[in-house]
Amino acid sequence: MLRLITDFDGPIMDVSDRYYRVYQQCLAETKRSGQPVCELLKAEFWDMKRARVPETEIAILSGLDAAQARDFAQKRRQTVHTLPYMIYDRPAPSALETLEKVQRAGVDLAVMTMRRVRELDEAFNRCNLGQFFPENRRYCLPNDYVKTGDVKDKPLLMARALAELPPASDIWMVGDTEADIIAAKTHGVKVIGVLCGIRDRTQLEMHQPDLIANNLSEAFEIILSRQN
C-alpha cells in the first residue's frame, strides 16, 4: 500500500492572504498617529516570509523604529494563527483536484499539521476538505496543546502517525517547511518539499529533502512515477 502524508498549510491551503492581512493590521496598530510608514506590497512581503526574513526586519523596512518593530513582531505572533484571520486561507491552485486524484488512485491519504483541532475543522468545514481525510487520518494538535516549536512538535506527530496507521509498503511526506522535512527524516520517511508554501527553494534545500516540487500536484506525479 502506498501512503501519502501531506502537510496542510502550503501544499493544500494558500495562507499568503492571511499572513499579509495580519502584517497590514499589525503595522496599522503599531505605528504612531501620523507616522508615515511604507506598507510592503503583498508579493514583496511574501518573498521575505519565504526567505525567513526576521519579523523585526520586515517591520523596520516598513517604516517602524526598533522598539516598534519588537512590538510588531509580538503582535504578529499573537495574531497570525487566530481563527478570525484563518477565513482568508484558500485552497491552493490544483490542490483539490490533486486530492481527488490521490483518492481515485487508491492511495492511503493522511494530513499532518501544526494546526489545532478547531483550526483544522474551520478550514475543513468552510472548504469541504473533510471528505478527503477521515477522522483517523487527521494528525493535528489538541486545542489545549502548548507548542514548543514546529521542528520539535511535528516529529512527535509523525511518530504517532506511524505507530497508529496500518502498515504501508511505501510512505511519502509532502510539506513546505523544515519541520516537515525534519519530521520525515527523523523517522525514515521519504519527503518532498514543495515551493507553493512559506519557504523558498534556498530554505528547503538547507534541510535536504529527497526532492523538491512546485506543488502537491507535481509531488504526487513524482511519487506515482516511482511506483513499480
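This report describes the overall build, a few chosen residues and the salt bridges of a predicted protein model.

## Overall build

The model is predicted. The protein has eleven helices and eight strands. The C-alpha trace spans about 65 × 35 × 30 Å along its principal axes. For 228 residues, a compact globule would have a radius of gyration near 17 Å. The protein has 18 Å, which agrees with that value.

Half of the chain is covered: 50% of the 228 residues count as buried. Contacts across the sequence are a clear feature. Take the contacts with a separation of 6 or more: residues 24 or more positions apart account for 68% of them.

## Surface and charge

The accessible surface of the protein comes to about 10800 Å². Carbon and sulfur atoms hold 50% of that surface.

The protein carries 31 positive and 33 negative charges. The mean positions of these two sets are 2 Å apart.

## A buried strand residue

Thr6 lies in strand S1, which covers residues 2–6. Its relative accessibility is 0%, so Thr6 counts as buried; the cut-off for buried is under 20%.

Which residues does Thr6 touch, leaving out those up to four places away in sequence? The contacts are Pro11, Ile12, Leu109, Ala110, Val111, Met112, Phe133, Val174 and Leu216.

## Helix H2 and its neighbours

Helix H2 runs over residues 42–50. Its buried residues are Phe45, Trp46, Met48, Lys49 and Arg50. Lys49 and Arg50 are thus among the buried residues of this helix.

These buried residues pack against four helices. The partners are helix H1 (16–30), H3, helix H4 (66–79) and helix H10 (201–205).

## Two residues with positive phi

Arg52 follows H2. This residue sits in the loop between helix H2 and helix H3 (55–61). Arg52 has a positive phi of about 60 degrees, although it is not a glycine.

Asn128 is another residue of this kind. Its phi is near 55 degrees, a positive value in a residue other than glycine. Asn128 lies in the loop between helix H7 (117–127) and strand S5 (138–141).

## Salt bridges across the chain

Side chains of opposite charge can pair when their charged atoms come close. The count of salt bridges in the protein comes to 20. Asp7 and Lys154 form one of them, with the closest N and O atoms 2.8 Å apart. This pair links distant parts of the chain, 147 residues apart. Asp7 is in the loop between S1 and strand S2 (13–14), and Lys154 is in helix H8, residues 150–164. Are these partners buried or exposed? Asp7 counts as buried, at 5% relative accessibility. Lys154 counts as buried too, at 2%.

Arg32 forms a salt bridge with Asp65, and here the closest N and O atoms are 3.3 Å apart. Arg32 lies in the loop between H1 and H2, while Asp65 lies in the loop between H3 and H4, so the pair ties together parts that are 33 residues apart in sequence. Arg32 is partly exposed, with a relative accessible area of 48%. Asp65 is partly exposed as well, with 32%.

## Arg52 again, and a network

Arg52 also takes part in a salt bridge. Its side chain meets that of Glu178 at 3.5 Å, N to O. The pair links distant parts of the chain, 126 residues apart. Glu178 is in helix H9, residues 178–186, and Arg52 is in the loop between H2 and H3. How do the two partners stand on burial? Glu178 is buried, with a relative accessible area of 9%. Arg52 counts as partly exposed, at 43%.

Salt bridges also join residues into a network. Asp9, Arg18, Asp89 and Arg115 are linked in this way.

Conventions: Residues are numbered from 1 along each chain as its sequence is written. This is a predicted model: local features need pLDDT of at least 70, side-chain atom pairs count only at pLDDT 80 or more; totals for chains, interfaces and linings use all residues. Side-chain values use heavy atoms; hydrogens and water are left out. Buried means under 20% relative accessible area, exposed over 50%, partly exposed in between (1.4 Å probe, protein chains only). Contact means heavy atoms within 4.5 Å. The radius of gyration is taken over C-alpha atoms; the globule rule is 2.2 Å times the number of residues to the power 0.38. Accessible areas come from the Shrake-Rupley method with a 1.4 Å probe; for residues, only the protein chains shown count as cover. Lys and Arg count as positive and Asp and Glu as negative; His and the chain ends are not counted. The place of a charge is taken as NZ of Lys, CZ of Arg, CG of Asp or CD of Glu. A salt bridge is a side-chain nitrogen of Lys or Arg within 4 Å of a carboxyl oxygen of Asp or Glu.
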